[in-house]
Amino acid sequence: MNKTQGRNILIQTGMILLLLGLFTYFGYNYLENISKRNIGIGFGFMDDTAGFSISQTLISYTEADTFARTFVIGLLNTLLASFIGIILTTALGFLVGLMRMSKNKLISITALVYVETLRNIPPLLHVLFWYQVVFLNVLPPFKESFKMGEWLYINVRGITIPSFIPQQNAHTYSLLIFVSIIAIIYLSLVKKRMVLRGVHKRLWPWQLLFLLLPVIAAPIMNPYDMVLPEITKFKFSSGMTMRPELFSVVVALSTYTSTYISEIVRSSIMSVPLGQLEAAKSLGFPSWKRLQLIIIPQALRTMIPPVTNQYLNLIKNTSLGMAVAYPDLTSVFAGTTLNQTGRALEVMSMVMMTYLIISLVTSLIMNWYNKAIIDKKGDLLSKEDIPL
Amino acid sequence: MNLNMSLKKNMTFLRKEFFNTPLNTIMTLFMAWLVVKTGIWFINWAFINAVWTGETRDVAREGGATWAFIITKFRFFMFGFYPKEQLWRIPVTILVLSLTMIPYFMKQIQHKILVMGAQMILWPLIISIFLSGGFGLEKISSNDWGGLTLTFILSILGLLYSFPIGIIMALGRRSELKVIKGLSVAYIEFFRGIPLITILFMSSVVVPFFLPEGVSVDKMVRVVIGMTLFQSAYLAEVIRGGLQSIPKGQYEAADALGFKFGLQSYLIILPQVLKMTVSNIGGISISYIKDTTLVLIIGMFDLLGIVSPLASDTNWLGMEPEGLIFAGILYWIICFSISRLTYKVEKKVNELPTTGAIK
């Protein structure tokens, strides 16, 4: 063992001892403090009755349910807002990114103003703005709801649309949709393999057929019964209402994040070498094929890692919903449940671990997709290929 | 004749740029309609129908902004609930803080890093002495700090302290020592994986449990620590990106000159890294300043947080829109100027030589 190795071991052991010391010290203090204040320890509280109500739940929940259930409710609400937010922000981001690249000055400058205005304002302000200004100040009160036929009602309490009640054959219909999706994916894979083998056979009519199948089946099978929103004196007795909290969080975060996505989209498209476009032109690709087959696939590759980061930001930012009382994980569990039980450490570690896991899973999925895309391109030149 | 020609030229230009295809024509018309419509509405709301003077909400007019609210409450937006007679202490603090920046612009000072070290000790002292008082000055609890002042304090302290921690973590992540590397990775990934709100909760709810009995740390201090830990993880990743782009030859050359790790980082590697990452550092500083707004969730009244208590004044009920828009404009100005500044610094830094102490 030489001198450096010895020193390295010393440093690392010192580091570990230091951390252990800190942990023991804090742990000791913690135990002292909770025993003095009569707060229990451990996750036993999860089976106790929660006893508070939650304004929006995706699965059934009553005040008699346990704290464990409040965790699930909060998590599902976080996932719901993230899911809608990601879809909206992607669509909006692509649109604005392409608008920024438009030759039409009016369009590109409007897009630039959109990006520069929205992204220099804190996301929390976006959320509060949508909630307090748009919902509470601009939208009409309940009795004077904005109406579109019998279908859509907009007022301070949210946006109400018809709800769909599953009928007897709803399960069969879901199965049909599932089968169609699998068939379409399978056909795409088959097509990919055919192209690799040099076979060109049309498969898209079959895919179209499977796509249309559920659409055609819907009126015949009638799997869902549509119930129009019905107004009683003080509330809607039927229909589906998107509450202002969810709406504010989703719209605020999607518009805010879309400014970042649009910049990523723009710079990735611009990073595709001009030669690629010229080569595609000289091979006689029509303009939309050029975009679809040559430019976008190459741009996607540079786009995915930064876009993943933006998705993760959006997911973490759904916690801002707390400011407008959207019952997400942070607000329900780290807020109300923590206050009710007093188990600060247990609750906070659960919340943090959950966000960490969500981040990790999102990264994994995007990395996997990233790899799938890069594989399509074939091998990169390696050093051995260069004859020098 | 001349006029006719230029008119014709303009017409062709317009036709080519805005109306060359049916789709483009539709988009142009739609955009123009949208821009004009929102523009007119905004000018009406913000200027023509706006009210600038008044003492209560009764002056408010339909379809116009009530800027009178902002004007009467201006002091609170700037300084929070700091007592009126003591307000002079805030500009004095800011002036003294700015004075500590002078050494950065002095050519005689070789090692600017020492200046930064001095600031890390001086800034909290200056802030606590002048703003909290106690040394002959009237004592003012940090609960009364608020508005733009609080945003400013949180931002500068967080940005200052996150620098050394971020650099250490970035270097740690590339260390050959397994334990150091593991700990740095765990630190960075942990703080990047969780929302800032949970860290703020942790610092306001859980941290007191870890302190021995009788010891209490001011909420303000706990929040600054939490936010620094959060920001330094992001900074570490930016610096790591810079470290990765340094050619191996630079390390080898430094080794060949006999530089040990410390000197090698200080004289050769970090100056290049900082130069390369200026724009990213500017970017995450902007996000950090935007993130300081989250302290409103744990009950602190920063520039954004103060809107709601001010609009609950019985004289000014329901003035949230004006308050939020005013705060938004201030945030916009701050963030936009930093992004412009970053751009300028980046340009200037690129003219400097690549190596040598950070001067």
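Residues 75-366 of chain A are 71% helix and 9% strand, and the C-alpha atoms at the two ends of that stretch sit 21 Å apart. UniProt, in an unreviewed entry, lists this stretch as "domain: ABC transmembrane type-1". Keep in mind that you're looking at a predicted model. Beyond that stretch, there's a contact between chain A and chain B to explore, with 55 residues from chain A and 50 residues from chain B taking part.

**What the record says about chain A**

- The unreviewed UniProt entry also lists "transmembrane region" for residues 9-28, 71-99, 120-139, 172-191, 203-221 and 347-369 of chain A.
- Take residues 71-99 of chain A: this span is 100% helix and 0% strand, with its end C-alpha atoms 41 Å apart.
- Residues 203-221 of chain A come out at 95% helix and 0% strand, and here the end C-alpha atoms are 27 Å apart.

**How chain A is divided**

- Chain A splits into domain 1, made of 47-136 + 244-326 + 369-376, and domain 2, which covers 172-217.
- Between the C-alpha centres of domain 1 of chain A and domain 2 of chain A there's a distance of 28 Å.

**Where chain A meets chain B**

- Together, chain A and chain B bury about 4600 Å², and 74% of that is on carbon and sulfur atoms.
- Gln12(A), Asn120(A) and Met352(A) are the ones to look up here, as they supply 13% of the area chain A buries against chain B, more than any other three residues.
- Across the interface of chain A and chain B, 15 residue pairs are in polar contact, counting pairs with both residues at pLDDT 80 or more.
- On chain A's side, several helices chip in at least two residues each, among them H3 (105-119), H4 (123-138), H7 (244-270) and H9 (287-317).
- H1(A) gives the most to the side of chain A that touches chain B, with 13 residues.
- Sorted by type, the residues on that side of chain A are 34 nonpolar, 14 polar and seven charged.

**Salt bridges, with Lys36(A) in the picture**

- Over all chains, the whole structure has eleven salt bridges.
- Between chain A and chain B, the count is one salt bridge.
- Glu213(B) and Lys36(A) pair up through their side chains in a salt bridge, at 2.9 Å from N to O.
- Lys36(A) also meets Glu32(A) in a salt bridge between side chains, this time at 3.8 Å from N to O.
- Both Lys36(A) and Glu32(A) belong to helix H1 of chain A, where they're four residues apart, or about one turn of the helix.
- As a general point, side chains of opposite charge can pair when their charged atoms come close.

Methods
Residues numbered from 1 in each chain as written. Chains lettered and ligands numbered in written order. Predicted model: local features only at pLDDT ≥ 70, side-chain atom pairs only at ≥ 80, totals over all residues. Heavy atoms only, no water. Contact = heavy atoms within 4.5 Å. Buried area = accessible area lost by both parts, 1.4 Å probe. Salt bridge = Lys/Arg side-chain N within 4 Å of Asp/Glu carboxyl O. Polar contact = N/O pair within 3.5 Å; in protein donor to acceptor, adjacent residues only side chain to side chain. Nonpolar A, V, L, I, M, F, W, Y, C, P; charged D, E, K, R; others polar. Domains from an automatic or database assignment. UniProt positions renumbered as here; feature names shortened; annotations may be inferred.
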